[in-house]
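Please work through the exercises below with the sequence and the 3D structure open beside you. Try each task before reading its solution.

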Amino acid sequence: MELKFSEYEYKRPDYEAYKAEATEAIEKLENAADADIAVAAVMVMNNLLNETDKQGNLAYIRHSINTKDEFYQAEQVYWDEYVPLYTEINTLYYRALLETAYRVELEQILPKQYFKMAEYQLKAFSPEVIELLQKENELASSYDKLIASAQIAFDGKTLNLSGLGPYQQSTDRSVRKAASEAYFQFFQENEEKIDDIYDQLVKLRDQIAKKLGFKDFVELGYIRMERYDYNREMVQTYRENVLNDVVPVAQKLYDRQAKRIGVDHMNYYDLNLEFLDGNATPKGDEAYIMEMGKKMYHELSKETGTFIDYMYDRDLLDLETKDGKQSGGYCTFIPGYDSPFIFANFNGTSGDIDVLTHEAGHAFQVFQSRWIKQPELVFPTSESAEIHSMSMEFFTYPWMELFFKEETEKYKFSHLGGALQFLPYGVLVDHFQHEVYENPEMTPAERKATWRKLEKMYNPQKDYSENTFLEQGTLWYRQGHIFDTPFYYIDYTLAQVLAFQFWKRAIIDKDENAWEDYLAICEVGGTKSFLELVKLANLKSPFEEGSLTDVIKAIDAELSAVDDSNL
């Protein structure tokens, strides 16, 4: 009988025991008299890394499911404090791995990418910054806890931020305005706290970067994100391509939206409503969605059928919005149990189905690459990982009728258009972070002004004339990635461009090889770099001239052919 997630055993690791075992293994690797001894030492370290990663993930998942649980609150505090200490030991291991006389022999049993990863880990760490890293973790956790604490009185209920989602899509303009005001009122009430948390994070990260010998945190941020194939100049060029190619097409879609919902001019609170008779919503409760999800994945492929059974049989999904639950959604992987885990906050919107495709895309990828015994490589780097999740959203298009029934075409129009409209926002988040970390001495007010200036470039449709708080440049307060994982967000957009290529191949061109290419990049996990995966998938690099223009034109043509007034 298979264990359920609730039966997965959590046991806080004994740091001193870990340190002793790891030190012994590292010394054996450093002093190995032959290749067999070196290999054995690597295997010991690999087992230690797997066990620590397993326990850390179990603590993180259970804390995010219920941030009020005192036991896992304490465990989160432990991990915030001790992760840098484990990192210190692991860095000694990576140094020994790179310097061993038996590297050639180890390269026969370990993926080539493992050595690249080790090099980047060394660059991003020094014992000198341990206390600063602990403080960084503590600050990021304090932001997450603050957001999870939201208790907003609305419509006679007490809601968290996610619970306001359906109201923000209301066909009654006064309701969506009131819901949007209630949503951002929470951030306004906590403006000073959020500014302080971020100000401390920026200065701290700048300090860490300079202690490690980097010019600024942008350099260190790219190392942390393991960007092996590209640099900030290439990203800047890519952002300019989005500005030139995507923003005009996105604006056409916003103009069509205004006509559909019957407003002369859209204010910020109108943007969430795409159709006057309501956005497409799932035609069933959580149990129905789960049942249809199982049917969909069984019909998509043999591999996805095996995967979804595994997830459901072990209760590896937590989807319901609950009091004290962390906001947002994610997928992670629990080594030792070989288990992906999907976390979400269902709220009755189409986003619930996006979770079942997007997060399941991540989960399917790690399920396919669970053969990789190095926990650091089960997931690829983040921009690569998002290819799997965003592409799965498109590969599942033929089954959307199961969820949306008579509103299927409405959903597809909204989903494809929304994915395109996301690109400018995604690069805005990235551009903002470059400005912030290249100018760490900026005041909170200057940061907000910078956001608003960039927002007018990338998202000119945003009208905050009825909200002075947002007009200051505060929308980014809600974007957890900015606080927790700096420079992550551009990865979504790079992956989206590649997912669009899979959409064109699978849905428009009916290319039978598209799924096989997708399966191939799932199976290799993190053993290849971003541009190596792009090549393996037979896709065009987003940094190649014309790769963005061609696919955006195809999407523009597809959406322009739809009579959205009838949806």
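The exercises go from the whole chain to single residues, and each is followed by a worked solution.

The model is predicted, so local features are reported only at pLDDT of at least 70 and side-chain atom pairs only at pLDDT 80 or more, while totals for chains, interfaces and linings use all residues. Residues are numbered from 1 along each chain as its sequence is written, and side-chain values use heavy atoms, with hydrogens and water left out.

**Exercise 1. The whole chain**

Task: Describe the make-up and overall dimensions of the protein chain, and decide how its radius of gyration stands against the globule rule.

Solution: Begin with the elements, counting helices (DSSP runs of H or I, at least four residues) and strands (runs of E, at least two), both numbered from the N terminus; the protein chain has 24 helices and 5 strands. Next take the radius of gyration, which is calculated over C-alpha atoms and set against a globule rule of 2.2 Å times the number of residues to the power 0.38. For the 567 residues of this chain the rule gives 24 Å, and the radius of gyration is 24 Å, so the chain is as compact as a globular protein of that length. Along the principal axes, the C-alpha atoms fill a box of roughly 75 × 55 × 50 Å. Finally, apply the burial cut-offs, where buried means under 20% relative accessible area, exposed over 50%, and partly exposed in between, with a 1.4 Å probe and protein chains only; by this test 61% of the 567 residues count as buried.

**Exercise 2. The nonpolar core**

Task: Find which helix gives the most residues to the largest nonpolar core, and list what Tyr 238 touches.

Solution: A nonpolar core is a set of buried Ala, Val, Leu, Ile, Met, Phe, Trp, Tyr and Cys residues joined through side-chain atoms within 4.5 Å. The largest one has 201 residues, and those touching the most other members are Tyr 93, Leu 97, Phe 187, Tyr 198, Tyr 238, Phe 403 and Phe 500. Helix 17 (residues 408–438) gives the most to this core, with 14 residues. For Tyr 238, use contacts, meaning heavy atoms within 4.5 Å, and leave out residues up to four places away in sequence; Tyr 238 then touches Leu 423, Val 427, Ile 490, Thr 493, Leu 494, Val 497, Pro 542, Phe 543 and Leu 548.

**Exercise 3. Strand 4 and its cysteine**

Task: Establish how strand 4 is paired and whether its two faces are covered or open, then determine why Cys 522 forms no bond with Cys 331.

Solution: Two strands pair if DSSP finds at least two bridges between them, and here 5 bridges join strand 4 to strand 5 (residues 339–346), the two running antiparallel. Thr 332 stands opposite Phe 341 in strand 5. The two strands form a hairpin with 4 residues between them, and Gly 336 in the turn has a positive phi of about 85°.

Now look at the faces. In a regular strand the side chains alternate between the two faces of the sheet. In strand 4, Tyr 330, Thr 332 and Ile 334 are buried on one side, and Cys 331 and Phe 333 are buried on the other. Because 5 of the 5 residues of strand 4 (residues 330–334) are buried, the strand is largely enclosed by the rest of the structure.

For the last step, a disulfide is a pair of cysteine sulfur atoms within 2.5 Å, and a search of the whole structure finds 0 of them. Cys 522 has Cys 331 as its closest partner, but their sulfurs are 11 Å apart, which is too far for a bond. Cys 331 is buried, at 13% relative accessible area, and Cys 522 is also buried, at 0%.

**Exercise 4. Two loop residues with positive phi**

Task: Decide whether Phe 487 is buried or exposed, and do likewise for Lys 510.

Solution: Most residues other than glycine have a negative phi. Phe 487, in the loop between helix 20 (480–484) and helix 21 (490–508), has a positive phi of about 75° although it is not a glycine. At 0% relative accessibility, Phe 487 counts as buried. Lys 510, found in the loop between helix 21 and helix 22 (513–523), has a positive phi near 55°. Lys 510 is exposed, with a relative accessible area of 62%.
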